[in-house]
Amino acid sequence: MVFLLANLIPAFGIYELPTKREQDLYNQLLAEFTKLDIQKKDVSDVLSTFDKPLVVTFPCNSTDTNNLVVNVIKTRLARFDETQAHQGDLITGGTYTWQCQITTQEGKVTNDCNNDLRLNPDLLTNGTGIDPRVHQVENLVILYHELLHGQLMIDAIKSSDKWKQDVCNKSPDRNIDYSYADGSHKIINPLQEQFAEKLVENEGGKLIISQIYPSETFNGTFSLNVLSQQDYQQYVNGIRISLRGTNMADPIFSSSDTNVTLTGHLVNNTKPGIAWFYIFENQNQTSNAEVKILPAWLKRTASLWSHQYIPNSDFHKVIEFFIQEGMVSDTGKNSSSKIPEWFKNNAEWWYEGLIDDNTFTNEIQYLLSIGVIS
């Protein structure tokens with residue numbers, strides 16, 4: 001998923017203990033993850049290595065360079081490192097590190113491996129007003145995604161003949177092949193999609209994942225039929241749609257009597273866009289799909305402000321629009337706190353379509369309610 005949830009990248013650096021906030025968040029997510037009764041890949045090996053090292057030993061063939069390989073695998077929660085937490089301009093939900101200290105003595109190769117897991121507390125903490133159902137699913141997907149990186153590498157160490165052959169013939173100056181951790185997400189993406197679909201179904205909703213291929217667009221501009229409202233008549237209060245997507249800008253929902261459509265354009269016309277649509281029953285008393293079309297200048301202004309091309313006074317016009325339209329309420333609180341960095345990042349994500357209108361509206365309301373903006 002690129003995508004807020006699934007953009008996890010290998011990172012290399014000095015180990016630092018997690019903060020108490022990060023440890024508490026991990027403990028909470030792990031407790032919820034282990035209680036899940038849905039089909040998913042078994043990640044018990046990597047979970048066990050948090051408490052006790054996993055030792056995998058195997059002999060080499062007589063024709064190999066080395067005689068014996070001993071692998072000692074440990075997994076640790078590490079402090080989140082913002083400098084390693086970006087793919088391009090996208091802030092990720094977490095990062096992983098696979099590093100092995102390798103020693104060779106008299107034909108015996110010892111791999112002392114650390115799999116460090118890092119979680120982004122600013123994205124895991126639901127302080128931005130995101131729909132709690134969507135937020136919970138996304139957090140569990142982030143954790144599952146991270147655990148999969150570790151489990152896939154352990155699978156290779158335990159059972160891949162090619163990996164064993166490579167290590168048995170490894171010279172002291174050659175690095176270990178870490179590609180089995182699936183940094184390209186070719187294995188992980190389908191697994192996490194299936195996992196997310198099951199989580200959403202458990203919450204009474206449906207997840208629709210669509211790819212928008214450049215060949216299906218007109219110079220990058222697309223119009224995608226998301227759903228027919230007739231298929232969700234069991235949602236008596238109407239439909240709430242939350243969008244998560246990559247490589248798409250200026251996404252706008254529109255609805256007719258029966259259909260909901262998403263229009264926008266690809267940021268990079270040579271690559272497909274990916275859209276995750278979370279479909280839930282609206283929690284408000286309304287009979288229509290929750291769709292409100294906002295003027296394009298709002299997002300352009302938010303993007304310019306997030307890059308500091310325009311002053312705060314210009315961005316206040318965006319806030320004033322939301323207040324005047326009755327989409328948020330000004331509580332009148334005043335605070336000396338500065339606008340948090342995550343909000344500027346999210347203003348750009350809103351412009352690029354990485355978060356939807358409802359999410360950004362809720363973020364503005366949250367900052368108004370605590371007096372950060374007024």
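# Exercises on a predicted model

A disulfide joins Cys60 to Cys168, with an S to S distance of 2.1 Å. The model used in these exercises is predicted.

## Exercise 1: The disulfide of Cys60

Find the handedness of the disulfide of Cys60 and Cys168, and state which parts of the chain the pair ties together.

Solution.

Step 1. Begin with the bond. A disulfide is a covalent bond between the sulfur atoms of two cysteines. The cut-off applied to the sulfur atoms is 2.5 Å, and the value for Cys60 and Cys168 is 2.1 Å.

Step 2. Read the torsion. About the S-S bond of Cys60 and Cys168 it is about -85 degrees, so this disulfide is left-handed.

Step 3. Place the two cysteines. Cys60 lies in the loop between strand 2 (54-59) and strand 3 (68-77), while Cys168 lies in helix 5, so the pair ties together parts that are 108 residues apart in sequence.

Step 4. Check the surroundings. Both Cys60 and Cys168 are buried.

## Exercise 2: The disulfide of Cys100

Describe the link of Cys100 and Cys113, and give the pattern that the disulfides of the chain follow.

Solution.

Step 1. The sulfur atoms of Cys100 and Cys113 are 2.0 Å apart and form a disulfide.

Step 2. The angle about the S-S bond of Cys100 and Cys113 is 105 degrees, and the link is right-handed.

Step 3. Cys100 is in strand 6 (residues 94-105) and Cys113 in strand 7 (residues 108-119), 13 residues apart.

Step 4. Burial means under 20% relative accessible area. Cys100 has 17% relative accessibility, so Cys100 counts as buried. Cys113 has 1% and therefore counts as buried.

Step 5. The count comes to two disulfides. With bonded cysteines counted along the chain, the pattern is 1-4, 2-3.

## Exercise 3: Two packings of helix 4

Decide how helix 4 is oriented to helix 1 and to helix 5, and list the residues that make each contact.

Solution.

Step 1. Take helix 1 (residues 20-35). Helix 1 and helix 4 pack at an angle of about 90 degrees, and their axes are 10 Å apart. Angles of 65 to 115 degrees count as roughly perpendicular, and so helix 1 is roughly perpendicular to helix 4.

Step 2. List the contact. Helix 1 contributes Tyr26, Leu29, Leu30, Glu32 and Phe33, and helix 4 contributes Gln136, Asn139, Leu140, Leu143, Tyr144 and Leu147. By class, the contact of helix 1 with helix 4 has eight nonpolar residues, two polar and one charged.

Step 3. Take helix 5 (residues 161-168). The axes of helix 4 and helix 5 come within 6 Å and cross at roughly 70 degrees. Helix 4 and helix 5 are therefore roughly perpendicular to each other.

Step 4. List this contact. From helix 4 come Met153, Ala156, Ile157, Lys158 and Ser159, and from helix 5 come Asp161, Trp163 and Lys164. The contact of helix 4 with helix 5 divides into four nonpolar residues, one polar and three charged.

## Exercise 4: The nonpolar cores

Give the number of residues in the largest nonpolar core, and name the helix with the largest share of this core.

Solution.

Step 1. The largest nonpolar core has 50 residues. Phe33, Ile73, Trp98, Phe195, Leu199 and Tyr278 have the most contacts inside this core.

Step 2. Helix 4 (residues 132-159) gives the largest share of this core, 13 residues.

Step 3. Look at one core residue, Phe33. Apart from neighbours within four places in sequence, Phe33 is in contact with Lys40, Val43, Leu140, Leu143, Tyr144, Leu147 and Phe195.

Step 4. A second, separate core has 22 residues, including Ala302, Ile319, Trp342 and Leu368.

## Exercise 5: Two residues with positive phi

For Glu106 and Asp182, find the loop that holds each residue and decide whether each is buried or exposed.

Solution.

Step 1. Glu106 has a positive phi of about 50 degrees although it is not a glycine. Its place is the loop between strand 6 and strand 7.

Step 2. The cut-off for exposed is over 50%. Glu106 is at 78% relative accessibility, so Glu106 counts as exposed.

Step 3. Asp182, which is not a glycine either, has a positive phi of about 65 degrees. The loop between helix 5 and helix 6 (188-202) holds Asp182.

Step 4. The relative accessible area of Asp182 is 6%, so Asp182 is buried.

Note on methods. Residues numbered from 1 in each chain as written. Predicted model: local features only at pLDDT ≥ 70, side-chain atom pairs only at ≥ 80, totals over all residues. Heavy atoms only, no water. Core = buried A, V, L, I, M, F, W, Y, C linked by side-chain atoms within 4.5 Å. Buried < 20%, exposed > 50% of the residue type's maximum accessible area, 1.4 Å probe, protein only. Helix = DSSP H or I, 4+ residues; strand = E, 2+ residues; numbered from the N terminus. Contact = heavy atoms within 4.5 Å. Axes fitted to C-alpha atoms, helices over the stretch in contact; angles between N-to-C directions. Parallel < 35°, antiparallel > 145°, perpendicular 65-115°, else oblique. Nonpolar A, V, L, I, M, F, W, Y, C, P; charged D, E, K, R; others polar.
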